[in-house]
Amino acid sequence: MNIAIIGTGYVGLVTGAGLAQLGNRVVCVDVDDEKINGLKEGRMPFFEQGLAQLVAKNQSQKRLSFTTNIAEGTAPSEIIFIAVGTPSKKDGQADLTQVIDVARALPKVLNTYKIIAIKSTVPIGTLELVIQMLTKAGLKESTDFDIAFAPEFLREGDAVYDFFHPTRIVIGSSNSRVIQTLDELFLPLNAPIIHTTPITAQMIKYAANAFLASRISFINEIANICDKVGADVAEVANGLGYDKRLGEGYLSAGIGFGGPCLIKDLNALIKMSEQQGYEAQYLKAIIDKNEHQIRQIVFKIKELLGSTLYDKVIGVLGLTFKANTNDVRTSLAIKIIRLLQNEGAMIKAYDPKGIKESKELLSRVKFCKDPYQAAEDADVLLILTAWEEFKELDLNRIKKLLGKLFIIDGVNIFNSEKLRRMGFTYQGVG
Ligand SMILES: NC(=O)c1ccc[n+]([C@@H]2O[C@H](COP(=O)([O-])OP(=O)(O)OC[C@H]3O[C@@H](n4cnc5c(N)ncnc54)[C@H](O)[C@@H]3O)[C@@H](O)[C@H]2O)c1
């Protein structure tokens, strides 16, 4: 099939490259000249495991191309996926500016009937808004276009794997032509396909992210109690995971959830509920717990270093919101560093992939060339992202470098017994 993807970010580029690999001809469109020119010349706009190879292969086989010209991208397409960003507004609502820009541009370029499938996570009412904008501009629903919601569930860091091994495909549409075409497109992925209304599909996406966030806040609450009573949260989580009713995913205790989606989508869901006259108390508690967890880390550092952090040197390992990505959007590491700086601490930081991106968000940080430089003369070493590289650190070398043998492991990557035996004062979460 001929596909256009509008918005060549994490979702758009992975989806575009993945669909091309399945044999479709895909054009990825973006307003960002630098990004598109880079892609044309073989430069990736962000790091995602396996993506560069997938893009290069499909580009060289002429199934995947890039343009800033929306008309050129959409003209040959049967399906147009919208995968632009839907960031948070200040009040938590989803900012639909990018979706609206696309809806404004489409009427000028649609030449034949198209299926428009929204992949961006958008609140209820957005499809109606897009339909309204297209019809006002003279297009006719079902003659010129139909619209569906096809949510995306990929995880950054595992996005390519997730594209080819989706747990399910959700198609939000009541239109048989749309359903048939999207079914055909996704059939090679061999995943269960859920057909439902666009509104229910939107709620599946929001509920999925709210539930994942809820599991993280839950296990963090349990971890903090474990800290007090002397239990091991990793073993507790393991004990829970065997129960099929509970499942084992998203039960790693740590600093909380960050990243581009969970917080934003929870806030959007809370706001959407509010607009319908419903106060989503449970969802608010998930966010409160997340904020509390971040403060707990600062509290732990103060317990170790004394009530003031003024002039204390903190070595930070990990800046991205999770391992295997260079994405620092809403990374809790960035937030924690700012909190520590507000307390007067001096930060030395290292991340395998996220230093360039972090430099745009942080000031007064000494960015280091490797984890050992970050540890040198630090009063405490703070681990905030679970990169494999950190799990393989030479701890004897770290021991010689650290000013004080304090390690706070916000993502529980180390064996506490081993570190304590080596002479470190080590605290994980739970
Ligand atoms: N990143 C994730 O892990 C993830 C997972 C599932 C769902 N989502 C959702 O998918 C959507 C996209 O997320 P993302 O992380 O890929 O965002 P992103 O910011 O990485 O990419 C969005 C892209 O859209 C482009 N864009 C903006 N306006 C445009 C326009 N008018 N025309 C063409 N391109 C335009 C931007 O330049 C950018 O390259 C969001 O709604 C997000 O919530 C994201």
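With which residue does glutamate 156 form a salt bridge? In this predicted model, the partner of glutamate 156 is arginine 329, and the closest N and O atoms of the pair lie 3.4 Å apart. The contact links distant parts of the chain, with the two positions 173 residues apart in numbering. Glutamate 156 belongs to the loop between β6 (145–149) and α7 (159–164), while arginine 329 belongs to the loop between β9 (313–317) and α13 (332–342). Glutamate 156 has a relative accessible area of 8% and is therefore buried, the limit for this class being under 20%. Arginine 329, at 42%, is partly exposed.

Arginine 329 also forms a salt bridge with aspartate 327. Here the closest N and O atoms are 3.0 Å apart. Aspartate 327 counts as buried because its relative accessibility is 3%. Through shared partners, the salt bridges join Glu156, Asp327 and Arg329 into one network. Arginine 329 takes part in the salt bridge with glutamate 156 and in the one with aspartate 327.

Another salt bridge is formed by glutamate 279 and lysine 284, whose closest N and O atoms are 3.1 Å apart. Glutamate 279 has a relative accessible area of 43%, so this residue is classed as partly exposed. Lysine 284 is likewise partly exposed, with a relative accessibility of 28%. Both values fall between the limits of 20% and 50% that bound this class. In total, the structure holds 17 salt bridges, including the pairs Glu156 with Arg329, Asp327 with Arg329 and Glu279 with Lys284.

Terms used
Residues are numbered from 1 along each chain as its sequence is written. This is a predicted model: local features need pLDDT of at least 70, side-chain atom pairs count only at pLDDT 80 or more; totals for chains, interfaces and linings use all residues. Side-chain values use heavy atoms; hydrogens and water are left out. A salt bridge is a side-chain nitrogen of Lys or Arg within 4 Å of a carboxyl oxygen of Asp or Glu. Helices (H or I, at least four residues) and strands (E, at least two) are DSSP runs, numbered from the N terminus. Buried means under 20% relative accessible area, exposed over 50%, partly exposed in between (1.4 Å probe, protein chains only).
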